[in-house]
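The following exercises are intended for a reader who wishes to practise reading a protein model. Please have the sequence and the structure at hand before starting.

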Amino acid sequence: MNGIRMGRSGAAVARRGPGGGLRLGLREAQWGLAALALVIGVGAGLGSIAFRWLIKVFTGLFTGHADYAGAGHAANPHVSWLGPYFVLLAPVIGGLLYGPLVDRFAKEARGHGVPEVMLAVAQRGGRINPNVSVVKALASALTIGSGGSVGREGPIVQIGSALGSTLGRIVKVTEGRMKLLVACGAAGGIAATFNAPLAGVFFAMELILRDFAIESFGAVVLSSVAASVIGRAAFGDVAFLNLPAFHVEHVAQYGLFALLGIVAGGVGIGFTRILYWIEDACDWAWRGPEWLRPAAGGLLLGLLLLVLPEMYGVGYPVLENAAEGKYAAAFLLLLLAGKILATSLTIGIGGSGGVFAPSLFMGAMLGAAYGAGMQGLLPGTAGAVGAYALVGMGAVFAGASRAPITAVVILFELTGEYSIILPLMLAIVTATATSRLLSRDTVYTLKLRRRGIDLDGPAPGAPLGGQQVDEVMEQPPATLAVDAELSAAATELSLSAHGVLPVADKNGHYVGMITARAVAEALADEPGSAGSGAIVEDLVEQPASLTPDQPLAAALHALISHSGTGLPVLDAEQASLVGWLTHQSALRALHSRGQAAREPAVA
C-alpha cells in the first residue's frame with residue numbers, strides 16, 4: 001500500500017507502509033522534534049511528580065516525619081520505643097531494599113547519575129538503558145527516604161534522560177537527535193522537580209550537551225516549559241526555597257563576596273576529592289557481594305545520623321535555618337563537614353542520589369559561617385548573614401560543577417531573589433576560576449576520568465595534534481544509492497569491514513550514512529516482508545562530518561563521540577565524499593608517529 005514519505009529536503013515522495021510519513025516526520029522534520037520534546041517534557045514532569053511522591057512516602061515510612069533533617073533527635077512514632085536510635089536501622093533496611101534492585105536491574109543507577117548521562121551523550125550516541133527510569137526512581141527514593149544524604153537532581157536527570165533515550169529508540173531517530181532528546185529529558189526533570197524552567201534549560205545545555213546550538217536550545221526550552229507546566233500544576237508556582245529578602249548594604253561587601261567565591265571554589269574541589277577518596281576507601285574495604293554493600297555501609301551512615309540528624313536526606317529545612325541565621329558559626333562549620341562526609345559515604349556505599357543539593361547545603365553552611373565571621377570583624381560593613389549563605393550556595397555548586405551559567409540561573413529561580421544577583425555572579429565567577437586553577441576536573445567529569453574516559457578528547461600535547469585528517473584518512477567505502485532496498489543494503493553491509501556505508505543521491509552527492517544496526521532493526525520489525533518495502537533513504541543518518549584540512553586532534557573528539565566505526569571526510573562544499581576516518585587509521589597514525597619519535601635521528 002502506497003503512502004507519502006517526506007525526504008530530508010521536505011519534498012513528498014512515494015512511500016510504502018502505513019504510518020510511515022508520521023514516523024519519518026518525527027525522525028527528521030522540525031515539527032517532529034518539537035513534538036518529541038513536548039512529549040518528553042510532559043513525561044519528565046509526570047516522572048518528577050512520581051519521584052517526589054516516592055521520596056515523601058519512604059521518608060514517612062522510615063521516620064514518621066515529612067522531613068527528619070529538621071526534627072532534631074525525635075523518635076519515629078511508628079517505632080517510638082526505639083527513640084532516636086531508629087536512625088541506626090533506617091539506612092540498613094533501605095540498603096537491603098535498593099541494593100539488590102540496582103545490582104540486578106540497572107547498575108548505572110548507582111551513584112549520582114549525571115556523569116552517566118554525560119557519557120551517554122558524548123560517546124554512546126545517547127543510548128541509555130530503559131530500565132534506568134524505574135530503577136533510579138525507586139533506588140534514589142529509598143536512599144533519600146532511609147537517610148541517604150544526597151539530592152534529587154541527579155536521579156531526576158537520569159530518569160528524564162532515560163525517558164528521552166527510550167522514546168528516541170522507539171521512533172528510531174538519528175544519533176544527533178537521540179542526544180538532543182536525552183538533553184530534553186534532563187532539562188524537563190530539573191525544571192519540574194525544582195520549579196526552575198530556565199535552570200533546566202541551562203543545566204542541559206551547559207552540562208549534558210555542552211553546546212548552545214540554536215536548534216538544541218529550542219527543543220530543550222520546549223521540554224523544560226512542558227515539564228514546568230506539569231510541575232507547577234502539582235506543586236504550585238512558588239520559589240523552591242523560602243528565604244527572606246537580602247540586599248547589599250555597602251559597596252565594600254562586593255570584595256567580601258569575591259573572597260567568599262574563592263573559598264567556596266576551594267570547598268567545591270575539596271568536596272569532589274573527598275567524595276571519590278571515600279568511594280575508593282569503600283571499594284577497598286568491601287569484599288562481599290555488591291547487593292549487600294549498601295546495607296553494610298548503612299551501619300556507618302546510621303551512626304553519623306545519630307550524631308547529626310541534620311544530615312538525614314536532602315536537608316532543605318536545615319539549609320533555610322542557616323540562611324536565616326539560626327545557627328552559631330561553629331555549628332555551621334560542623335554541619336559543613338558533616339554534609340561532606342555524609343554525602344560521600346552515601347555515594348561510597350552504593351547509594352543512589354545527586355550531589356547538587358548537597359553542594360547547595362554546603363554552600364549555605366559555608367556562607368552563613370563566613371558571614372557570621374565577617375560580622376564579627378566588620379560589624380558596620382558585612383551586612384546580613386543570609387546574603388552570604390545564599391551566595392555561598394551558588395558558589396560552592398559552581399566550584400564543584402564548573403557550570404557558572406547554571407549556578408547563577410538556578411539560584412535565582414530556586415530562591416526568587418533578584419536583589420542578590422550581582423554579588424552572586426561575582427562569587428560564582430571567582431569560585432569557577434578558583435576551581436579551574438585547582439583542578440582539571442569537576443565533580444561530574446572526575447568520575448569518568450577515573451574510568452579512563454575523557455569527554456574533551458585527546459590530551460593537550462598528544463603526538464596526534466599536528467597532523468591533518470587527509471594525512472591519515474582511508475579510502476571511502478563504496479556508496480549505496482538512496483533508493484536501494486534494505487535487503488540489498490543488508491547484503492552490502494555484510495561485506496563491508498566497517499558495519500556502516502555512505503549513501504549518495506542519483507547525482508553522486510553524499511547525503512548521509514546507514515548502519516548495519518539500523519538495517520537489522522528495520523528488518524527485524526517486519527521479518528516476513530523484508531522491511532515492508534523500506535529503502536535506504538528511510539534510515540539515513542547524519543553523523544558529524546570532517547574535512548581533509550581539519551586537525552586530527554580536533555577530529556578525534558568527533559570520532560570517539562560517534563558510536564559507529566568511522567566518520568566521512570567531505571570536500572570543502574560538503575557534497576562529495578573524499579575519505580573515511582576510522583579508529584584504526586587514527587591508531588596507525590599514533591603508532592607510526594610514536595615509532596618515528598623513538599628512532600634516532602640520522603646525521
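Exercises on a predicted model follow, each with a worked solution.

**Exercise 1. The chain as a whole**

Task: State how many helices and strands the chain has, and what percentage of its residues is buried.

Solution: Begin with the secondary structure: the chain contains 23 helices and seven strands. Next, consider burial: of the 603 residues, 55% are buried. Then turn to the surface, where the chain exposes about 24000 Å², with carbon and sulfur atoms supplying 64% of that area. Finally, take the contacts with a separation of 6 or more: 74% of them are between residues 24 or more positions apart.

**Exercise 2. The hairpin of strand 6 and strand 7**

Task: Determine how strand 6 and strand 7 run relative to each other, parallel or antiparallel.

Solution: Strand 6 (residues 566-570) is joined to strand 7 by five bridges, and the two run antiparallel. As one point of reference, Gly566 is found opposite Thr582 of strand 7. Six residues lie between the strands of this hairpin, in which Gln574 has a positive phi near 55°.

Burial is the next step, with under 20% relative accessible area as the cut-off. Five of the five residues of strand 6 are buried, so the rest of the structure largely encloses this strand. Its two faces are both covered: Gly566, Pro568 and Leu570 are buried on one side, as are Leu567 and Val569 on the other. In strand 7 (residues 577-582), five of the six residues are buried, so strand 7 is also largely enclosed by the rest of the structure.

**Exercise 3. The sheet of strands 3, 4 and 5**

Task: Identify which strands lie at the edges of the open sheet of three strands.

Solution: The strand order is 3-4-5, and the pairing is mixed. Strand 3 (480-481) and strand 5 (510-515) each pair on one side only, and these are the edge strands. Strand 4 (residues 500-504) pairs with strand 5 in the antiparallel sense over five bridges. Within that pairing, Val503 stands opposite Gly512 of strand 5.

**Exercise 4. Nonpolar residues inside and outside**

Task: Name the residues that touch the most other members of the largest nonpolar core.

Solution: The largest core has 135 residues, and Ile208, Val220, Met365 and Tyr444 touch the most other members. Leaving aside residues up to four places away in sequence, Met365 touches Val318, Leu319, Ala322, Leu332, Leu335 and Leu336. Another core of 17 residues lies apart from the largest one; Ala484, Ala489, Ala534 and Val540 are among its residues.

For contrast, turn to the surface. Leu89, Ile93 and Leu97 make a nonpolar patch of about 260 Å². Ile93 belongs to helix 3 (residues 90-105), and its 42% relative accessibility places it in the partly exposed class.

**Exercise 5. Salt bridges**

Task: Compare three salt bridges, stating for each residue whether it is buried, partly exposed or exposed.

Solution: The count of salt bridges is eight. In the pair of Arg293 and Asp283, the closest N and O atoms are 2.6 Å apart. Arg293 lies in helix 11 (residues 293-307) and Asp283 in helix 10 (residues 253-285), so this pair ties together parts that are ten residues apart in sequence. Arg293 is buried at 4% relative accessible area, whereas Asp283 is partly exposed at 35%. Both belong to a salt-bridge network with Arg110 and Glu290.

For Asp441 and Arg449, the corresponding distance is 2.7 Å. Asp441 is buried at 7%, while Arg449 is partly exposed at 25%.

For Asp103 and Lys107, the closest N and O atoms are 3.9 Å apart. Asp103 is partly exposed at 26% relative accessibility, and Lys107 is exposed at 56%.

Conventions. Residues numbered from 1 in each chain as written. Predicted model: local features only at pLDDT ≥ 70, side-chain atom pairs only at ≥ 80, totals over all residues. Heavy atoms only, no water. Buried < 20%, exposed > 50% of the residue type's maximum accessible area, 1.4 Å probe, protein only. Helix = DSSP H or I, 4+ residues; strand = E, 2+ residues; numbered from the N terminus. Pairing = 2+ DSSP bridges. Contact = heavy atoms within 4.5 Å. Areas by Shrake-Rupley, 256 points an atom, 1.4 Å probe, with all protein chains shown as cover. Patch = residues over 30% accessible without salt bridge, like charges linked within 9 Å, V, L, I, M, F, W, Y side chains within 5 Å. Salt bridge = Lys/Arg side-chain N within 4 Å of Asp/Glu carboxyl O. Core = buried A, V, L, I, M, F, W, Y, C linked by side-chain atoms within 4.5 Å.
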